[in-house]
Amino acid sequence: MIGAAQDRIDGPLKVSGRAPYAADHSATALLHGVVVSAPIAAGRIRHIETSAALAFRGVVDVFTHENRPPAATRPVRYKDLSGPSGTPFVPLLDSRILFAGQPVALVVAETYEAARDAADLVRVSYDEVSFVTALARAVVDEPQGYEDAYEPRGNSDAALATAPVKIDAEYRSMPLYHNAIELFASTAVWDDGNLTVYDKTQGPQNIHLYLRLALGLRVKTIRVINAYVGGAFGSGLRPSHTSFLAALAAKHLHRSVRVVLTRAQAYGVSYRPDAIQQVKLGCDREGRLVAVEHRSVAATSTYEDHDENIVGWSGLAYACPNVTLQSRRARVSRPTPGDMRAPGATTGVFALECALDELAVAAGVDPVAIRLANWTTRDQNDGREITSKAQRECYAVAAARFGWARRNAAVRSMREGRELVGWGMAGGVWDALVAPTPTRARVTLRTDGQLEVAAAASDIGTGTYTILAQIAADAFGLDAQDVRVRLGDSTLPMNPVEGGSWMAASTGGAVAKACDKLKRTLLAQARARHGLARGVTTFERGRIGGIPIGDIVASGAKDLSAIATNLPDVVTGRKYVSYSHSAVFAEVRVDEELGVIRVTRVVTAVAAGRIINPKTARSQIVGGVVMGIGYALHEEGLLDHRFGKVMNANLADYHIPANADIHDIDVVFVDEHDDKVSVLGVKGVGEIGVVAVAPAIANAIFHATGQRVRDLPITLDKLL
Ligand code: MOS
């Protein structure tokens with residue numbers, strides 16, 4: 001079962017529209033809430049006029065900071081498990097405006113249409129203050145400089161001064177906005193003092209904690225469910241405005257309330273921060289690195305300190321004795337940035353891998369060869385050994401499938417018709433984490449023989465239901481289809497948010513351990529009651545020694561259950577650290593007259609430990625490649641800094657790759673056996689797929705055109 005290309009067990013429900021998402025849930029006399037958003041980036045609400053909205057037919061109430069129903073007033077009560085340091089934003093707390101798109105009112109009505117129309121009748125006047133939303137401006141305005149993100153090693157400055165080959169380049173990237181297909185939504189169902197909140201989140205227990213503290217609710221009176229999530233990519237790691245607003249209104253009105261943000265309003269929740277990065281690299285004539293310097297400044301809000309690891313990868317991906325890694329934040333009047341698929345690495349590895357390509361060109365070394373020349377199996381940032389790193393195999397396999405050996409190193413050397421053809425590559429790295437907090441799973445065998453797995457984990461579309469079924473099925477010699485998996489419910493055994501690509505290793509490990517426990521109980525009962533011979537321990541087709549599992553459970557007349565907890569192995573962690581790795585090779589075709597860029601081929605090889613399900617794992621990597629193509633060529637949050645607003649807050653103007661943008665994507669997993677990384681040898685595949693895609697494309701564009709574009713996205717105007 002483990003290792004089989006299993007179809008998603010939740011697939012039929014999803015394609016037939018029977019998997020309910022947060023806004024699909026209904027309730028008796030359900031009310032609808034529509035959010036009114038601030039159009040300014042900074043200042044105060046001078047006056048808010050709700051009488052016309054209140055008089056609108058069907059409107060039940062309009063909530064603003066002036067009549068906010070009882071809820072915690074101290075921002076510390078709104079801290080969530082995924083939040084950074086700083087003061088969390090609290091909806092409708094007071095008159096201050098911290099970012100454009102901030103909720104200033106919630107209109108609640110009997111129908112969605114009434115709430116939407118009445119929302120237009122809420123009149124708000126503001127006292128604006130001056131603000132900065134441009135990163136480049138904020139960098140200049142703020143006096144504080146870089147800080148060491150990691151302990152410097154050697155003397156990079158001196159090494160650069162004498163390096164025979166060196167480059168010094170600045171890379172820029174735009175803010176990227178979350179555009180998961182499922183909108184931010186919460187349906188808060190009120191039932192006689194109890195609240196069940198169906199929420200678009202990556203962590204039902206995170207939302208449970210947040211709402212409990214914010215609204216002062218008792219543990220048992222609130223339940224959060226996110227059984228199905230229509231994409232999240234990090235946008236659901238923290239509570240969105242809807243969680244609080246829907247629950248607040250429901251608690252106050254003693255009615256069920258659904259709140260859904262519009263696509264445009266989603267641009268006021270979270271985004272991948274824009275960054276300005278400087279990379280200096282020096283090497284000898286053979287391409288061996290003698291110095292690495294990587295400095296980054298990334299956006300954060302005026303009220304929280306979002307921080308992601310942008311520069312750290314440059315100190316561990318390649319062997320180098322002289323390294324300086326520094327970072328800083330710059331405050332802008334926008335919502336706090338958040339995590340987006342491989343946060344930090346997607347940004348930092350883009351700069352590193354483009355810089356390394358520039359260095360390879362300067363040294364006259366093949367791009368693959370320069371990476372191999374700087375091979376390391378140690379995370380030099382902290383000296384720990386990397387548990388496994390089959391990245392050399394990634395380069396070899398992907399290069400062979402791509403045909404890299406046929407590449408002419410000269411720029412503008414390949415062309416077909418009006419198009420210049422370019423081949424570029426990059427290497428990728430991402431954490432292979434086991435969640436640091438206890439991750440639990442319960443496995444139950446029912447008297448009818450049904451096997452059930454339960455955990456408060458979330459399947460954000462990645463295939464978690466399916467792989468957990470496979471792990472449990474494997475233990476008992478069943479088919480994955482025979483296993484019932486329950487996820488996305490705060491009442492189930494404790495799990496962290498689904499993030500950092502750690503769920504397969506963490507919840508998967510807990511399921512495997514719980515199955516081991518349950519098997520021991522079952523074996524003992526089979527020996528005691530069914531005369532099972534000692535030494536028979538292998539489960540096959542749901543039987544042990546020919547005895548059906550269901551018969552063993554039934555003879556005891558009660559369900560058998562086992563709970564196990566997974567945690568990182570701290571002893572191993574002192575000496576070892578784990579990463580997943582990749583190689584990405586890209587072919588681009590650039591219309592010489594028009595500058596139009598097409599990514600016609602991507603080959604990526606991924607080393608991510610044991611692959612539980614090659615089918616769902618491949619989908620994760622394909623999705624990551626598509627996202628990476630968007631990051632390289634299309635996606636950019638365009639702000640008008642006079643108004644501090646995102647001007648393309650919709651799917652028409654904020655372009656994410658469409659079918660026509662996507663051509664051949666070839667994914668291959670390289671075998672990697674790692675008995676230290678996690679219980680099952682799993683590393684996780686949710687994020688590694690996106691990491692090295694943008695630099696591979698940027699490097700291919702250079703190879704095609706001879707032009708180095710160092711600011712993303714690489715739109716055609718930058719090539720003309
Ligand atoms: Mo992921 S950005 O850790 O949801």
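**Exercise 1. Enclosed space**

How many cavities of 30 Å³ or more does the count come to? Describe the linings of the two largest.

*Solution.* The model is a predicted one.

Step 1. The count gives four cavities of 30 Å³ or more.

Step 2. The largest cavity holds about 80 Å³ of space. Its lining is made up of 14 residues, and Ala-317, Gln-391, Gly-428, Val-429 and His-581 are the ones nearest its centre.

Step 3. Assign this lining to elements. At least two lining residues come from each of α8 (345-363), β23 (419-431) and β32 (579-591).

Step 4. Sort the lining of the largest cavity by class: eight residues are nonpolar, four polar and two charged.

Step 5. Turn to the second largest cavity, with about 60 Å³ of space. Its lining includes the run His-178, Asn-179 and Ala-180, as well as Glu-182, Lys-200 and Arg-263. By class, this lining has four nonpolar, three polar and three charged residues.

**Exercise 2. An open site**

Characterise the second largest pocket by volume and lining.

*Solution.* Step 1. The volume of the second largest pocket is about 460 Å³.

Step 2. The pocket is lined by 29 residues, and Asp-80, Arg-238, Pro-239, Glu-304 and Thr-336 are closest to its centre.

Step 3. The classes in this lining are 13 nonpolar, ten polar and six charged.

**Exercise 3. Helix α8 and the core**

Determine the span of α8 and whether α8 is mostly covered or not, then place α8 in the largest nonpolar core.

*Solution.* Step 1. The 19 residues of α8 reach 25 Å from first C-alpha to last, close to the expected 27 Å.

Step 2. Apply the cut-off for buried residues, under 20% relative accessible area. Of the 19 residues of α8, 17 are buried, and the helix is mostly covered.

Step 3. Look past the end of the helix. Gly-364 follows α8 and has a positive phi, near 70 degrees.

Step 4. The largest nonpolar core contains 113 residues, and Leu-281, Leu-359, Phe-585, Val-588, Leu-633 and Ile-697 have the most contacts inside it. The element that gives the most to this core is α8, with eleven residues.

Step 5. A separate core has 55 residues, including Ala-455, Val-483, Leu-522 and Val-682.

Step 6. Take Phe-585 and set aside its neighbours within four places in sequence. The residues then in contact with Phe-585 include Val-368, Tyr-395, Phe-402, Trp-404, Met-425 and Arg-601.

**Exercise 4. Backbone exceptions**

Which residues other than glycine, one in the loop after β13 (222-225) and one in the loop after α10 (391-402), have a positive phi? Where is a cis peptide bond found?

*Solution.* Step 1. Begin with the usual case: most residues other than glycine have a negative phi, and most peptide bonds are trans.

Step 2. Phe-233 has a positive phi of about 60 degrees. Phe-233 sits in the loop between β13 (222-225) and α7 (241-253), and is partly exposed at a relative accessible area of 33%.

Step 3. Arg-412 also has a positive phi, near 55 degrees. Its loop runs between α10 (391-402) and β22 (414-416). Arg-412 is partly exposed, with a relative accessible area of 40%.

Step 4. The cis peptide bond joins Leu-712 and Pro-713, with omega about -5 degrees. Pro-713 belongs to the segment after α17 (693-705).

Key. Residues are numbered from 1 along each chain as its sequence is written. This is a predicted model: local features need pLDDT of at least 70, side-chain atom pairs count only at pLDDT 80 or more; totals for chains, interfaces and linings use all residues. Side-chain values use heavy atoms; hydrogens and water are left out. On a 1 Å grid over the protein atoms alone, a cavity is a set of points where a 1.4 Å probe fits but cannot get out, and a pocket is an open set with protein on both sides within 12 Å along at least five of seven lines; lining residues have an atom within 4 Å of a point. Grid points are joined across faces, edges and corners, and a volume is the space filled by probe spheres set on the points. Helices (H or I, at least four residues) and strands (E, at least two) are DSSP runs, numbered from the N terminus. Ala, Val, Leu, Ile, Met, Phe, Trp, Tyr, Cys and Pro count as nonpolar, Asp, Glu, Lys and Arg as charged, and the others, Gly among them, as polar. Buried means under 20% relative accessible area, exposed over 50%, partly exposed in between (1.4 Å probe, protein chains only). The expected span of a helix is 1.5 Å times one less than its number of residues. A nonpolar core is a set of buried Ala, Val, Leu, Ile, Met, Phe, Trp, Tyr and Cys residues joined through side-chain atoms within 4.5 Å. Contact means heavy atoms within 4.5 Å.
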